[in-house]
Amino acid sequence: MPQRYDAIVIGGGHNGLVSAAYLARAGLKTVVLERRHVLGGAAVTEEVFPGFRFSVFSYVVSLLRPEIIRELDLPRHGLDILPLDGTFTPVYEGTGRTPPKDGNGNAIGTGDYLWRVNDHGRTVRELRRWSKLDVEAYEEYGPLMVDMARFIKPILAIVPPDPASIDPRPLLPLGGLLRSFQKLTERQQAVFVQLMTMSAYDFLNQWFETDPLKATMAASGIIGTFQGIRSPGTAYVLLHHYMGEIDGAFRAWGIPKGGTGGISNAIASAARANGAEIRTEAPVARIQVGGGRASGVALASGEELEATSIVSSVDVRRTFIDLVEPGSIDPEFESEVRRFKFRGSSGKVNMALDALPNFTALPGVGEHLRGAISISPAVDDMERAYDDAKYGRFSARPYIDIVIPTLVDPSMAPPGKHVMSCFVQYAPYQLDESLGGPAGWDLQREAFGDAVVNRIAEFAPDLPSKILHRQVMTPLDIERTTGLTEGNIFQGELSLEQLFFSRPVPGWARFRTPIKDLWLCGSSTHPGGGIMGANGRIAALELLRSKGKRP
Amino acid sequence: MTGPRPEPAWDVVVIGAGHNALVTAAYVAKTGLRTLVLERRERLGGAADTTQLAKGIRVPTLAHTVGRLRPSVQKDLELSRHGLSLLAPDVRVFAPATDGTAITLYGEAEKTAVGFRINGTLRARDAEAYPAFDKRVRKLGRFLDTIGRSTPPDIDSPGLADAMNALRLGSSFKGLGRDGSRTILRVLPMAVADLVAESFESDALRAALAWRGVRFGAVGPWSAGTAAMLLLDVAGNDGGAAGETVFAKGGPGRLATALTTAAQAYGAELRTGAEVVRITSRDGVATGVVLANGEEITARAVVSGADPKRTLVDLVDPVALGPSLGWRAGNIRTPGVVAKVNLALRRLPTFPAAAGDEAALRGRIVVAPSIDAMERAFDATKYGRWSEQPILEATIPSLADPSLVEGAKPETHVMSVIAQYAPYALRDGDWSTNAEGFGDAVVGVLETVAPGIRKLISHRQVLTPADLERDYGLTGGHPFHAEAGLDQFFLWRPMLGHARYRIALERLYLCGSGAHPGGGITGGPGQNAAREILADLRRR
């Protein structure tokens, strides 16, 4: 007799674990099935090289929903987020207006930098060095974005309505949103519309004149997308990243103690405490469908499990094309699923360092290395990096977001050594034929790694000599390891046509699927990707509601 | 500042005499309102113009087709009675490739599909998919036409009319059916490259269809929102997937003449050489205009046919506008990327892909070899350069309309070429030193599909975005007055809160392409604006 559950959650990524925790908390007999030996999906910590531990994929956190932290009591389960202060952007020599100077008025290093920190006064003083107009604009821009994030945030907790449905009830939350929209000033309304429709560059260009400032701010508009900073729709991603908050502070980023696996472990611990069973190395091979409803799963080992509800946290394509019995879904729905765009565009290079690199613009070990280091020195550089990707090549001089977690959490490396995490864009999943085509990444992996090291070395020439080990994760590697289709870190492109009631399939944005009792709870669903957990939570609550259960 | 105000000299004064402004003027004059149109140039009609390139050789100056002109405008203003006559060739689009193959699109989808099957350049799947694609874009286009004909609602304080409007839109949305209504929400923000890739495998066909999604915009086929641009081009005419190809007999200037005659017949007064330099206002209400010669003209309503940026930033008093609106107006995006190259040809050029079929050349000749080629051409603009391999839409209007070359040597033809991408803001040098270089690039591309054409050119005119700005008052040289992106669309064209044709001041109206539903020779904004102006003036 197969084992029987109330709910089976496929995939032990952060959303799967969140879902399981909520389902178990409501009294459902719940099991999580994870393919790998570690939990967390793309939020994992692994000891890649002896003594060096890495947040292999996802590396910072800010979007994790506060209500999840609260309701699942995650701090008690070991969640500890260490703040990451500021963004340091080294730029080319001669770009700056006034060279940076030390306390004695001597010029520091060569080249220049732009350094924004959470301390407003310090950031303003730094920006003044570049442009007085930009300082004025910055004073206005920051609060405006906070207002925007406050306004839009409720949408993260909404179950998107089906615009084609005749049932008016699911539209009610939209009415609330419309009313709060009407309460905004006309200028705020206009800015909100711009955020939903403009490119990150065009949006920022209305305020700022300093090129590196626009480049480095626009960078958060393209993270995880196959879009350039001038592509319409990227301003929304800018806002998506502004919505993060830690302890109530907007746009604060942090790194979890012990790496992003620390978050997954805390959620897993909360799920277990609520009674969920979690099994690793238990890959699901098939979702069993009969009579139009999902009834259980078969593991790769041949073992079968039955459940009243199946909740899939893997992406929509993997769920319906790979796991569901072929022929058991409506062809129309299937073609919509195949239409859903993934287009992974990013890679990750993790380095074990003998010592910290020196940035020529500001040599030495300083606070500037404790935050994010952004290799985004010019608008044209960002755009050219994207151009490479459009034609099927990885960026020769990519955009890189660097974090050195050991400066905040020394436990990640042996004493005196460091780990450095480099998020890289662009690395298109589909390579051009000249680079080996779809399977080309196995041939291009090291060339890509070299491009990343060389790019950073433009600003920190001694980096190559400090590297002990290097792990290069191409989009193909991300797909193979985590199961994320085409290596898309958000389980599907965050483009306008794939958001809200169109995510993942128009008419099926309410976590249910055309197969009865099969639910989706991963980043393929509203409100999209990032270590947010909102998808897993809303899906679980929606499932519980459908069963008449109190969450 | 108290006391009775003097009675305004005019009911309505219209700034500019572009085609939309003439449409508005004609509609309001028709109701008996005293209407005055003021045009800076000596010619009326704005972008609907015909240029004499040489003796006996006339060519469409800017716009070359007029098939998007609203049928209701033609009918209401009796344009055919006023001399407008339209020519619609059977072939809508001829897209030749350098290898001698071509995509030919007709008005009828079935005929197009049959053509695909016969010449065998396309796989059967694409031929099969074409009629369904055509049907789909027509259906979505019809919905957008309903939107285009309506005034965007007032979301802050919706009135009864807004509610009626919403109901009408709602029912037309429901009319799309369950799939259609889901589809339109998904499709509008898409990249046109993705839209065409969902239906077709052939890159040449994808590119030929995607062209209308980027035409006149500072976008490439991979830019989000370009699918909406394609569908907007379908709205309100019988273009379908192929798009309209309709010529005004005698050149686009004839449309301007017909509109002028109509406006005058209804009683409007038209003045040329009358440049408006300021819009006057009192207590937030527009009161009239001031001309460059200092003359002050008062009116109950001021209507601007100029683009919204020029109207607000240059003409309205900054104090009356206020800093917030001033900032927003200054940020209206007007990135012009279109140049126009007009050629006189000694004889008809040979397109090997047409295989001697002269009829194939009567439509729009689109040279857009592939989606990537279009995207690469667009890439240049991001770095302030013009594309060395521009994307072209050429017409040879003299084939269907020999009157354009009456009086020239026999066999003479004219070719009108819309060429992208030529950004307004160049990084190196300015357009005065780059225009001929770009003209050469355009001819170079023509040579790839019509070898020998270079030698046939007897006269050449290159109009760059700088010319468009200087001569036609188009800010940034943008033919659509403001970029037709998702950020300047419907409720927020040109700006949220100012999309209902009433803009910035009371009694100030916008009636040009910068207003909903946007650019092109449609008369749409002008017709919609007239409706709102009349509603306001009657209410008083």
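## Exercises on a predicted two-chain model

In this predicted model, 30 residues of chain B are in contact with 30 residues of chain A.

**Exercise 1.** Describe the side of chain B that touches chain A by its helices and by residue class.

Solution.
- Step 1: Three helices of chain B, α6 (177-187), α13 (323-330) and α14 (371-382), each supply at least two residues of this side.
- Step 2: The largest share, 5 residues, comes from α6(B).
- Step 3: By class, this side of chain B has 11 nonpolar, 7 polar and 12 charged residues.

**Exercise 2.** Find the strands that pair with β14 of chain B, and give the sense of each pairing.

Solution.
- Step 1: Strand β6 (residues 91-96) of chain B runs parallel to β14(B), joined by 2 bridges. Here B:F94 has B:I365 as its bridge partner.
- Step 2: Strand β15 (residues 391-395) of chain B pairs with β14(B) in the antiparallel sense over 3 bridges. In this pairing, B:E393 stands opposite B:V366.

**Exercise 3.** Are the residues on the two faces of strand β14 of chain B buried or exposed?

Solution.
- Step 1: In a regular strand, side chains alternate between the two faces of the sheet.
- Step 2: In β14 (residues 364-367) of chain B, one side holds B:R364 and B:V366, and the other holds B:I365 and B:V367.
- Step 3: These residues are all buried, so both faces are covered; a residue counts as buried if 20 or more other C-beta atoms lie within 10 Å of its own.

**Exercise 4.** Place B:A26 in the largest nonpolar core and list what it touches.

Solution.
- Step 1: The core has 356 residues, and B:A26 is among those that touch the most other members, as are A:I8 and B:A208.
- Step 2: Leaving out residues up to four places away in sequence, B:A26 touches B:L77, B:L259, B:A262, B:A263, B:Y266 and B:A268.

Technical notes:
Residues are numbered from 1 along each chain as its sequence is written. Chains are lettered from A and ligands numbered from 1 in the order in which they are written. This is a predicted model: local features need pLDDT of at least 70, side-chain atom pairs count only at pLDDT 80 or more; totals for chains, interfaces and linings use all residues. Two residues are in contact if their C-beta atoms, placed from the backbone, lie within 7 Å. Helices (H or I, at least four residues) and strands (E, at least two) are DSSP runs, numbered from the N terminus. Ala, Val, Leu, Ile, Met, Phe, Trp, Tyr, Cys and Pro count as nonpolar, Asp, Glu, Lys and Arg as charged, and the others, Gly among them, as polar. A residue is buried if 20 or more other C-beta atoms lie within 10 Å of its own, exposed if 12 or fewer, and partly exposed in between; C-beta atoms are placed from the backbone. Two strands pair if DSSP finds at least two bridges between them. A nonpolar core is a set of buried Ala, Val, Leu, Ile, Met, Phe, Trp, Tyr and Cys residues joined through C-beta atoms within 7 Å.
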